[in-house]
Amino acid sequence: MSNKVVHAIYNDDDVLMDAVKKTRAAHHHIEEVYTPFPVHGLDKAMGLAPTRIAIASFLYGLTGLAIYTTLLNYIMINDWPQDIGGKPSFSFIDNLPAFVPVMFEGTVFFAAHLMVITFYMRSKLWPFKQAENPDVRTTDDHFLMEIGVHGNEEELVSFLQGTGAVEVKVIEKH
Amino acid sequence: MYTFSSKLKTFSLILMVVGAIGIGIGFWSAPKTIEEVETILSADSHGHHAEATHEAHATHDAHATHDEHAAHATEATHDTEHKAHLEHVLHQLQNKPWAAFYVACIFFMLISLGAFVFNAIQYAAQAGWSPILFRVMEGISAYLLPGSVIFFGVLVLSGLHFNHLFVWMDPEVVANDHLIQGKSGYLNVPFFLGRAAIFLLLWNFFRFKIRKNSLALENSDDASIYKSIFKLSATFLVIFIVTESIMSWDWIMSVDPHWYSTLFGWYVFASFFVSAITTIALVTIYLKSKGYLEQVNTSHIHDLAKFMFGLSIFWTYLWFSQFMLIWYSDIPEEVTYFVTRIEHYKLPFFGMLVMNFVFPLLILVNTDFKRLSWIIVTAGTVILMGHYIDFYNMIMPATVGDQWFIGLPEVSAVLFFLGLFIFVVFTALTKAPLVAKGNPLMEESKHFHY
């Protein structure tokens, strides 16, 4: 069982987009695409599922809102309902306007930070993480498409050369 | 070219006729004398918000009957306190049809002004997505002229003491009120009407010039015309933000002449601006559903929905900033504004918060929803009704107080102005092709994709 992959390297994002569409049409499985910058529409061309991070963020926001509401209600209303400057600490709703700034910021804080952490975890990013780019040029001005070799290697290489690749390499993956 | 469908035309005419009849009944059935108020109050003692159904005098001249009533008052042998109360309620009930008319009138006029402001912002910002909607915006802002003529008429009638919408216009009130006396350098009828006339003329002038240039651009690709629209828009926006602020003090805040708030102008602006963008979205969706505006795609709708969403939150931010600062410090001369609203207008006051904030927040936060016409129409309807209630909450507590009710005069006034609005807007839309040629950003706008 060989773990061979083909690296097709492009030097233009339009050529890359075209190549991605052709490769998908020819039913070759694209393992990964490395680009130096976001290429608009690449995820759609590759057929990647849309991200659900916005949904996660919304839920985190609700969590934050719940936490800060509970916190304020416990401290200001239940635990020690002190009269501070005549503010009505009789019930949560009576003193609600004073709590809104905190509840708002808490919601934003949770939604933002937990979403970022989710993003790091899902994309496996952390300090001291080993960089994964297969070719240093992909961070500068080259685009790399990685395709798994499952059938005829020669045919795949010649197909990729036909898509405008400036370089096609067959690599043994460990 | 758009053709005004006869169905919609008939619909708008029916709205106007029904509304006009309702407005007429509202004025006709307003009480004329203290005795009538007494019978209403005793009849209403079980529920104080019920509609008054009683015979009224044939005369429609509220001012004349007011004098008549004053004469009555001197003869009356009632307990003076009771009489003062009745007189107070009489003024409130006489104000009801006027205030209902006033709220609907200013609401629809400001919607068309807001659409024009949005149009000017798009020009000044050289937005690439919106030129395809410029004709829709121009159609909506076409209502500015008839709307401001009617509105100015109402202001003149108020200045001539046909109604009691603005208490500071009443010399008797001013004579006994040191606070208003101190403000009379600003709050006096000639200066007030002069300001109003200047503002309305300025807005209509810029709307006329920009529309004219926009039509001129249709038949030429002269870039200088486009540049002149850009300059006109930028100039208008500067003038607008000054006049808008003063307008909100004059036409809305001055019904409560004892109260003031510094961010009021922004608050009013946010309210009608979000309504205007909602109206643009609704008219666009209507035209698209009828097969016009083929090049408008869901991305354009999505952008409008984002504006609806963002500005709904902006409105809430200003509403809350105004409310919370006054609630927090609780200074008596400021807080009465909200005390009367929370005591007598609990449902509209907090209900509008649900309609203008909670509902759009939850429904328009979703990207996919922002592309669905029926979601936009639903959210838009709620937002428009919510902002009508917002204007209602600004005007009514000072003019009719606890005698408020959303009944025949209020609904009729809305129907009348809605009919007029539809009629004027869709007539204006037939005057020019719906896709403006000659705009250098039009090609980009046609292919706009988000």
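Tutor: Rings of Phe, Tyr and Trp (its six-membered ring) pair when their centres lie within 6.5 Å; planes under 30 degrees apart are stacked, over 60 edge-to-face, and the rest tilted.

Student: How many aromatic pairs does the structure hold?

Tutor: There are 59 over all chains. This is a predicted model: local features need pLDDT of at least 70, side-chain atom pairs count only at pLDDT 80 or more, and totals for chains, interfaces and linings use all residues. Residues are numbered from 1 along each chain as its sequence is written, chains are lettered from A and ligands numbered from 1 in written order, and side-chain values use heavy atoms, without hydrogens and water.

Student: Why is the pair of F4(B) and F423(B) called what it is?

Tutor: The ring centres are 6.1 Å apart and the planes meet at 50°, so the pair is tilted. F4(B) sits in the segment before helix 1 (6-28) of chain B, and F423(B) in helix 16 (residues 408-429), so the pair ties together parts 419 residues apart in sequence. Helices are DSSP runs (H or I, at least four residues), numbered from the N terminus.

Student: Are F4(B) and F423(B) buried or exposed?

Tutor: Buried means under 20% relative accessible area, exposed over 50%, partly exposed in between (1.4 Å probe, protein chains only). F4(B), at 12%, is buried. F423(B), at 26%, is partly exposed.

Student: What do Y337(B) and F338(B) form?

Tutor: An edge-to-face pair, 5.1 Å centre to centre with 90° between planes. Y337(B) is buried at 6%. F338(B) is buried at 4%.

Student: What share of chain B is buried?

Tutor: Buried residues make up 55% of its 450 residues.

Methods: Helices (H or I, at least four residues) and strands (E, at least two) are DSSP runs, numbered from the N terminus.
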